[in-house]
Structures are given as structure tokens and as C-alpha cells.
Amino acid sequence: MGTLKPIRTPENPPVAMHDHAMDHLRFIRETMEGASAFTAVPGFGGIAMGSTALFAALVAAQQPTPSRWLVVWLSEGVLALIIGIWAMARKAKSVNVPLFSRPGRKFALGLTPPMVAAALLTLTLYQDNLLAPLPGIWLILYGVGVVAAGTFSVRVVPAMGLCFMALGACALLGPEAWGNWLLAAGFGGLHTVFGMVIARRYGG
Amino acid sequence: MAKQSAWRRENPPRSAQPAANAAPELDRLIHERLRLGIVSALAVNESLTFSDLKRLLKSSDGNLSVHARKLEDAGYVACLKSFHGRTPRSEYRLTAVGRRALERYLAHMEALIRATREG
């Protein structure tokens, strides 16, 4: 035999008007935060990073020693990091979203571990005087970071990461002489091309 | 890529104007959850494709299509239809009317919260 239940139980009181309003405002904020993942990756920043990387590749190719070649690329890495953070902050500001809102945090958390791994491997290999695998390692680990960081972003971001990984594989498996030019193709070419796509389609 | 057509519904039809201009009343058009999501997502992006919106709002093709069309008919969003090779592509962006409607809606919600707290 079925039991009788009141239509409105005391456990489910009617939702107050201001709770509805709060809920809607929260939904708008969360949607904007989620959608700003589309804009968190700066296209123009990518183009700028690509340009400096192409210049760095030309300068690095003319260095007489592997150590100086490494210094050029490490300097480029620091410069690219500064450009990237500045461009992300600028883009976040343009859409009134804090730099380290949820999408920004996700991107940073995805990208940081592979970058730390790359730095440690660079240090270890430099101490052992083994610089030949560095271009492949940098490209693959940066690609891994971009794929991970871009999981919650538009498809073009992880696609860029996969392209970096493919170039990294070529650098690791190909002749040592290709290393510098594959770095140019990756950090220069891919950043520029994907930067243009992101800038055009995802608001700068 | 095939030649792109112009943005559709840049200027809202006359019938849509009352919904946008009825300031004291709650804008029912964007009060609905999915439509509010579309407008909010477009407010922080220059434009988004149908696939972007679908993924972002976790919506089905049919549902998103119906609600996007309602916003388009009201002049809140503009749609650009084009082809990538043989694949059709719809790209949406928020119009000035849509942005004003969202701002009014936000003000309305904030006023409701304020009124409840003060009352």
C-alpha cells in the first residue's frame, strides 16, 4: 500500500527570490570563466614568441660553441616566458577576467610540470655535456605541457601541442644538425601560425 | 574555403525590440539557462563556433540550435554561416543589442539581491 506524501515537504522549502538571482549570477560568472578558456591562450603573444624564437634560431646557429648555443636558447626561453605571461595578463584584462581565474590556473597547472621537468633534464644533460637531445626534449615536453594545459581549451591548443610533440620526435630521431632548425620550426613557426589562428578566431 | 556570407541578423527585427527595451521587466529571452549561457559565453569572446558553444555548454545539437535561433531572431546574436571545405560552419557573436540585454539582466539580478538584503 502506498504512502501519502505532502506535495511540498518541509525539507524542500521554496527557493527565495534572491537565491535564484544569486544562482543566475553564479552561472553567468562560471560560464564566462569557462568560456574565457577560449581566450586565455594569447594569439598575439604566440606570434611575438614565434618571432623572437625565429631570431634566436638564427643567432644560435652562428654560435661557435654548444654552451653559447644553449645560452641563446635559454635566454629565448626566459624572454618567451615573460612575453607569454604579459600577453595572458593583457588578454585576461581585456575580457575582465583575473589572470589566475579557473581557466588561467588550469593552463598554468598543465604547463608547469613539463616545463620543470625540461629545466631539470637540461641541467642534468648540460652537466654531462650531452646537449644533442635537448631540442627534442624541449619540443616534446613543451608539447606535452600545451596538450595538458589545452585540454579544457579550444581544440586548436592541444593540436598545437601535438605538432610540437611530432617535431620533438623528429628532433630526437633525426640527425643532430636538424635540432636548431626544428626548434625554429616549433617555437618559431608553430607559435606564429597557431598564434595567428587563435588571434583571429578567439579574440586576440 | 568557400566564400563567406554576411553576418545574419545584425539588426534585430522590429518584433524583437520590445523584449530588449523592456527594462523594468525580467528579460525572459535570456532568463532561460541555455540562452543565458550562450550570451554569457559570447560576452567574453569575439565569436564562437556552434561546436565551441556545444562543448562549453554541454548541450545537444538540437537544443543549442533551437535556443541560438531564438537569440538570433531577437537580434541578440549574429550568425555567420560559412563552409570549411565541404563542412558547414556556424559562427556566433554577440550583437550590441545582446550585450545591452545581458548588462540589463545582470543589473536586474543585482538589484533583486540588493532589494532582498535591504528588505
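Is Phe107(A) buried or exposed, judged by the other C-beta atoms within 10 Å? Phe107(A) is buried, because 24 other C-beta atoms lie within 10 Å (20 or more count as buried, 12 or fewer as exposed, with C-beta atoms placed from the backbone). This residue, Phe107(A), belongs to helix 5 (residues 102–127) of chain A, and its C-alpha is 8.2 Å from that of Val146(A), although 39 residues separate the two in sequence.

The model is predicted, so that local features need pLDDT of at least 70 and side-chain atom pairs count only at pLDDT 80 or more, whereas totals for chains, interfaces and linings use all residues. Residues are numbered from 1 along each chain as its sequence is written, while chains are lettered from A and ligands numbered from 1 in the order in which they are written.

In chain B, the axes of helix 3 (residues 33–43) and helix 4 (residues 50–57) come within 11 Å and cross at roughly 120°, which makes helix 3 of chain B oblique to helix 4 of chain B (neither under 35 degrees, nor over 145, nor from 65 to 115). Leu34(B), Gly37(B), Ile38(B) and Ala41(B) of helix 3 meet Leu53(B), Leu56(B) and Leu57(B) of helix 4, a contact being a pair of C-beta atoms, placed from the backbone, within 7 Å.

Chain B also touches chain A, with 16 residues of chain B in contact with 20 residues of chain A. The table gives the residue classes (Gly counts as polar; Asp, Glu, Lys and Arg as charged).

| Contact | Nonpolar | Polar | Charged |
|---|---|---|---|
| Helix 3 with helix 4, chain B | 6 residues | 1 residue | no residues |
| Side of chain B that touches chain A | 10 residues | 4 residues | 2 residues |

Definitions and conventions
Axes are lines fitted to C-alpha atoms, for helices over the stretch in contact, and angles run from 0 to 180 degrees between N-to-C directions. Helices (H or I, at least four residues) and strands (E, at least two) are DSSP runs, numbered from the N terminus. Two residues are in contact if their C-beta atoms, placed from the backbone, lie within 7 Å.
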